[in-house]
Amino acid sequence: MMRGPVPEEFSLKQTAPKIAGSGVITGGDKVICAYDLVEQMEYLYVRVVKAKDLPAKEVNRSCDPYVEVKLGNYKGITKHFSNKTNPQWNLVFAFSQDQLQASSVEVVVKDKDFVMDEFIGRVTFELADIPRRVPPDSPLAPQWYKLEEKRGEKLRKGEIMLALWKGTQADEVFPDAWHSDAAAVGSEGVSKIRGKVYLSPRLWYLRVNVIQCQDLQPSDRSRPPEVFVKVNLGNQALKTRISSLRSVNPSWNEDLVLVVAEPFEEPLVLTVEDRVAPNKDEILGKCMILLNTISKRPDNKPVSAKWLNLEKHAIVEGEKKVTKFASKIHLRLSLDGGYHVLDESTYYSSDYRPSSKILWKSSIGLLELGIISATGLSLMKSKDGTGTTDAYCVAKYGPKWVRTRTIIDSVSPKWNEQYTWEVFDSCTVITIGVFDNGHLQGGKDASIGKVRIRLSTLETERVYTHSYPLLVLKPTGVKKMGEVQLAVRFSCSSYLNMLNKYTQPLLPKMHYIHPLSVFQLDMLRFHAIQIVSARLGRAEPPLKKEVIEYLLDVGSHIWSVRKAKANFMRIMNVMGGMVSIAKWFDQIRHWKNPLTTILTHILLVILVFFPELVFPTFFLYLFFVGIWRYRQKPRHPPHMDIRLSNADAVGPDELDEEFDTFPTSKSSDIVRNRYDRLRSIGGRIQTVMGDLAMQGERFEALLNWRDPRASALFVAFCLVAAIVLYVTPLQIVALVAGFYLLRHPKLRSKVPPFSTNFFKRLSARSDSML
């Protein structure tokens, strides 16, 4: 079924970066121990704390100071303060060692002016005299320095508090520092390019069991009311069926499940409504419930039901305002913590823990990820007439999202940032995506590509360093957007606990004790993604909605001819092993290799006369197959495969259909052609399903006397077979059947055997189909 090897440009490449974790380099500073999965990057840090007694250059004019830190062609600027002689900035500037183009660093204090900024004073430091700091040493204490004039003379007034040191990306000020590789970004945009760690809100399933209502007061009492209950929570809205009791005391006993996030912000609103017309509903009562008053339960033990008052609903009849009588509603509310709220696909989820913390088990290990660099990234946008890319990475595992800093205007960015996660289940997947920062231009963050790594495919305590191709399916076909270099290590704290996980259910027990329907799970996952996107979008800098949806693979369930073909090929590849066994057995039956067939006869005789050896022989065979294949085990983690995804053989019309909106935005002619193609595919599936149904109906026809002669023959055969098998030892029967199956081709007939002929002549119900 395979179509040849995958092209080299789309393949995974093993790399050898200069990192301590892989053993490529040894020695060095203590920082390597903490950041041993990334390359060490040297930085010059300048902390500008504050200034005092700054002189004004003109009489009767206030001082609006700011600071410039200059190192060669690079210049970092603080914000300015109006009318302050003792300003405070507390800002750190980081200059990369690769960008040091001078032998000294100059800190200049200036006075902001509309025409031209005035020079106040400066302090100069030689780079050779700046000390080196290595964490976990305490931070370097800042000192006061007197400002100098341009000629080098000290000013009578004016001092600035500074701290300068040399360090690496392991320094605690690194994430919030101004970086020289972002010199083109203004002070107002620096916060948009910094690296951050985000935490998804803890999600719960809110179960609303609507039992009944009492004493409802519909406006029209001449007709039986058609009552239902509507539940609203933020953007989520569900409603019960119309009660079968058409009275003022309706009942339902129906469960409605919604997704909520801690901390709880929005109330739960229930309205009881009467369907008075096909497109008109009358509100009979309303109830508002705060989520923090609802009890949490870790299992399926029933919670106590409550009677709640429905708020009086005022309506206007003519010019008179009428207030309705307050009714009651009977509810059972609970926050179900025994479920895992799915915001990812179960096929490559990064977490399966339930919502309730009291059900969490201890961690089994640690996952460490080093995001080293990227190469050959595509140009994502235009700037000043030329293409540019402002790339950053986002990694998601469990509730923790990490975002690297943005490297401005580079198609080969180097991040060298390392992150750590606790691992509670090895059968999980970490997702890493590369994006182009659109904050600076006020646009969306475009996706460049993503990588998924399944932890169960990694050997423990081993460092994997590979360059992963970033593959994206475009309307024009599959395209390589570059490569990202990662270092991954999975450390196990308890090997027995990790092996024990393989014997436990993948999802929490509540998913099996009180399962939710597939439709419910799909809807709840959609709402969970919306909640996570809204919460993380309120952070600073925000993690944009398009980034979250790309990593969580929103829209993966949409129909695609390409995916259908790819899944069909996956099934055929899985079936390929059984097909190979069938071909091998057919060769034995037809004596293609007489020696193998004779050995098979001998094995058959042994197993027939010693049946207790059947299962031991079978499992011993599997054992030796597993040992034999151990030599060929995969040495690299899996990655996005264009051949498996059928991305290299997809046609332009199929791609155009896959990238179409939902609902479609194409013309009627195109939609008609696609519908005809879908009908053709469905026709083939229909034929296969009909054939399967026909074979099953033929088995039923053996004893249902639809064909009386065939059923009579089969019943007679069963009687004879019962007598023969009773008087004949089972070993003799098995030996004769085996020898008959393995008989020489000269003893075979080219026409099908009588058993096959008899079975194909049995009647099925296909002739009763319209």
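This briefing walks through the pockets, salt bridges and one bent helix of the structure above. The model is predicted, so please read every value below as computed from that model. Among the features to look at are a pocket of about 770 Å³, a total of 42 salt bridges and a bend of about 35 degrees in helix α6.

**The second largest pocket**

- The second largest pocket has a volume of about 770 Å³, and 19 residues line it.
- If you want to find its centre on screen, go to Ile 581, Trp 584, Leu 603, Phe 618 and Tyr 621, which are the lining residues closest to that point.
- Four helices each give two or more residues to this lining: α6 (561-589), α7 (594-609), α8 (614-630) and α12 (730-741).
- Helix α8 supplies the largest share, with eight residues.
- In terms of chemistry, the lining of the second largest pocket has 15 nonpolar residues, three polar ones and one charged one.

**The largest cavity**

- Searching the whole structure turns up two cavities of 30 Å³ or more.
- The largest cavity holds about 80 Å³ of space.
- Its lining includes Pro 175, Ala 177, Trp 178, His 179, Asp 181 and Ala 182, and also Val 190, Ile 193, Arg 194 and Gly 195.
- Arg 405 and Thr 406 also line the largest cavity.
- By class, six residues of this lining are nonpolar, three are polar and three are charged.

**Salt bridges**

- The count of salt bridges in the model comes to 42.
- Asp 36 and Arg 489 pair through their side chains, at 2.9 Å from N to O. Asp 36 sits in the loop between α1 (31-34) and β2 (42-52) and Arg 489 in strand β32 (residues 477-492), so this salt bridge ties together parts of the chain that are 453 residues apart in sequence.
- Asp 36 has a relative accessibility of 12% and therefore counts as buried; Arg 489, at 11%, counts as buried too.
- Asp 274 and Arg 223 form another salt bridge, again listed at 2.9 Å from N to O. This pair links distant parts of the chain, with Asp 274 in strand β16 (residues 268-277) and Arg 223 in the loop between β12 (203-214) and β13 (227-233), 51 residues apart.
- Asp 274 is buried, with a relative accessible area of 0%, whereas Arg 223 counts as partly exposed at 21%.
- Arg 297 forms a salt bridge with Asp 336, and their closest N and O atoms are 2.7 Å apart. Here the link runs between strand β18 (residues 296-297), which holds Arg 297, and strand β22 (residues 328-336), which holds Asp 336, 39 residues apart.
- Both Arg 297 and Asp 336 are buried. They belong to one network with Arg 207 and Asp 255, joined by salt bridges that share partners.

**Helix α6**

- Helix α6 has 29 residues and spans 40 Å from its first C-alpha to its last, close to the 42 Å expected at 1.5 Å a residue.
- The helix bends by about 35 degrees at Gly 576.
- Buried residues in α6 are Val 561, Arg 562, Ala 566, Ile 588 and Arg 589.
- Helix α6 is also one of the elements that give two or more residues to the lining of the second largest pocket, and Gly 576 is a handy place to look for its bend.

Note on methods:
Residues numbered from 1 in each chain as written. Predicted model: local features only at pLDDT ≥ 70, side-chain atom pairs only at ≥ 80, totals over all residues. Heavy atoms only, no water. 1 Å grid on protein atoms, 1.4 Å probe; cavity = no way out; pocket = protein on both sides within 12 Å on 5 of 7 lines; lining within 4 Å. Points joined across faces, edges and corners; volume = space filled by probe spheres on them. Nonpolar A, V, L, I, M, F, W, Y, C, P; charged D, E, K, R; others polar. Salt bridge = Lys/Arg side-chain N within 4 Å of Asp/Glu carboxyl O. Buried < 20%, exposed > 50% of the residue type's maximum accessible area, 1.4 Å probe, protein only. Expected span 1.5 Å × (residues − 1). Bend = angle between axes of the 7 residues up to and from the residue.
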